Amino acid sequence: MTQTVVITGASAGIGRATAKLFGQRGANVALIARGQTGLDGAAGDVEDAGGKALAIPADVSDYGQLEDAARQAEDFLGPIDVWVNVAFTSVFAPFAEISPEEFRRVTEVAYLGFVYGTMVALARMRPRGQGAIVQVGSALGSRSIPLQSAYCGAKHAINGFTESVRCELLHDHSGICITIAQMPAV
């Protein structure tokens with residue numbers, strides 16, 4: 001059975017590598033990111049690997065854009081089986097040198113983007129009683145480092161958020177699973 005997979009932050013790095021691996025499994029892969037050039041490259045990677053790709057430009061910090069992207073994914077590729085939240089941004093600077101706007105942007109993308117992605121995915125998975133949500137976390141969500149206060153804060157928040165949602169799904173005896181893949185520095 002062909003899976004339909006949505007990956008945020010799919011235009012580069014871990015997101016793009018994950019998309020390619022799902023392509024090798026013959027999956028239908030919806031790729032979400034802001035940059036069209038990277039999305040086009042990732043779509044080529046998925047199709048060259050044997051999968052079907054749909055590139056959707058969207059900003060994960062905008063709930064409406066993610067909702068629209070999920071609708072497009074299901075219209076084109078079928079019901080979503082797996083949703084992978086990868087998108088992030090960061091600021092490398094001492095906390096005292098980070099502007100409120102920079103800190104807010106990191107939080108909106110690297111934390112709220114995961115929250116919104118999870119909301120959108122669950123809205124589609126709950127009626128079917130099945131699916132998987134994967135949060136790509138970071139070792140920095142367990143052990144913070146200097147010069148990355150905004151990113152570390154967001155990754156810590158993802159851990160707490162995901163544990164809470166996992167407990168709710170377990171309480172409901174849901175067939176939906178949610179997990180975190182804690183990555184080292186890449």
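Tyr111 is partly exposed in this predicted model, with a relative accessible area of 22%. That puts Tyr111 just past the cut-off, since buried means under 20%. Its aromatic partner is Phe161, and the two rings sit edge-to-face, 6.3 Å centre to centre with 90° between the planes. Tyr111 belongs to helix H4 and Phe161 to helix H5 (residues 149-171), so this pair ties together parts that lie 50 residues apart in sequence. Phe161 has 17% relative accessibility and therefore counts as buried.

How many aromatic pairs are there by this rule? The count comes to four. Another of them joins Tyr63 and Tyr116, again edge-to-face, at 5.8 Å centre to centre and 80° between the planes. This one also links distant parts of the chain, with Tyr63 in helix H3 and Tyr116 in helix H4, 53 residues apart. As for accessibility, Tyr63 comes out at 34% and so counts as partly exposed.

Here are those two pairs side by side.

| Aromatic pair | Centre to centre | Between the planes | Arrangement |
|---|---|---|---|
| Tyr63 and Tyr116 | 5.8 Å | 80° | edge-to-face |
| Tyr111 and Phe161 | 6.3 Å | 90° | edge-to-face |

Now for the helices behind the tyrosine pair. Two packed helices are described by the angle between their axes and the distance between the axes. For H3 (residues 63-77) and H4 (residues 100-125), the axes come within 10 Å and cross at roughly 40°. Are they parallel or oblique to each other? Oblique, because the roughly parallel class takes angles under 35 degrees, and the crossing of H3 and H4 is at roughly 40°. The crossing is right-handed.

Which residues make the contact? On the H3 side they are Tyr63, Leu66, Glu67, Ala70, Arg71 and Glu74. Facing them from H4 are Gly113, Tyr116, Gly117, Met119, Val120 and Arg124. Sorted by class, that contact has six nonpolar, two polar and four charged residues. Tyr63 and Tyr116 thus turn up both in the helix contact and as an aromatic pair.

Next, the loop that follows H4. Gly129 sits between H4 and strand S5 (131-138), and its relative accessible area of 34% makes it partly exposed. What does Gly129 contact once its neighbours within four places in sequence are left aside? Gly175 and Ile176. The C-alpha atoms of Gly129 and Ile176 are separated by 6.3 Å, although the two residues are 47 apart along the chain.

Finally, over to the strands. Thr4 is in strand S1 (residues 4-8) and is buried, with a relative accessible area of 2%. Not counting residues up to four places away in sequence, Thr4 touches Asn28, Leu77, Gly78, Pro79, Ile80, Asp81 and Val82. Leu77 is also the last residue in the range of H3 (residues 63-77). Thr4 and Ala73 are 69 residues apart in sequence, and their C-alpha atoms are 8.4 Å apart in space.

Asn28, one of the residues that Thr4 touches, is in strand S2 (residues 28-33). Asn28 has 14% relative accessibility, so it counts as buried. With its neighbours within four places in sequence set aside, Asn28 is in contact with Thr2, Gln3, Thr4, Val5, Lys52 and Leu77. Leu77 therefore appears in the contact lists of both Thr4 and Asn28, under the rule of heavy atoms within 4.5 Å.

Methods. Residues numbered from 1 in each chain as written. Predicted model: local features only at pLDDT ≥ 70, side-chain atom pairs only at ≥ 80, totals over all residues. Heavy atoms only, no water. Axes fitted to C-alpha atoms, helices over the stretch in contact; angles between N-to-C directions. Helix = DSSP H or I, 4+ residues; strand = E, 2+ residues; numbered from the N terminus. Left-handed = near helix turned anticlockwise from the far one by under 90°. Nonpolar A, V, L, I, M, F, W, Y, C, P; charged D, E, K, R; others polar. Phe/Tyr/Trp six-rings, centres within 6.5 Å; stacked < 30°, edge-to-face > 60°. Buried < 20%, exposed > 50% of the residue type's maximum accessible area, 1.4 Å probe, protein only.
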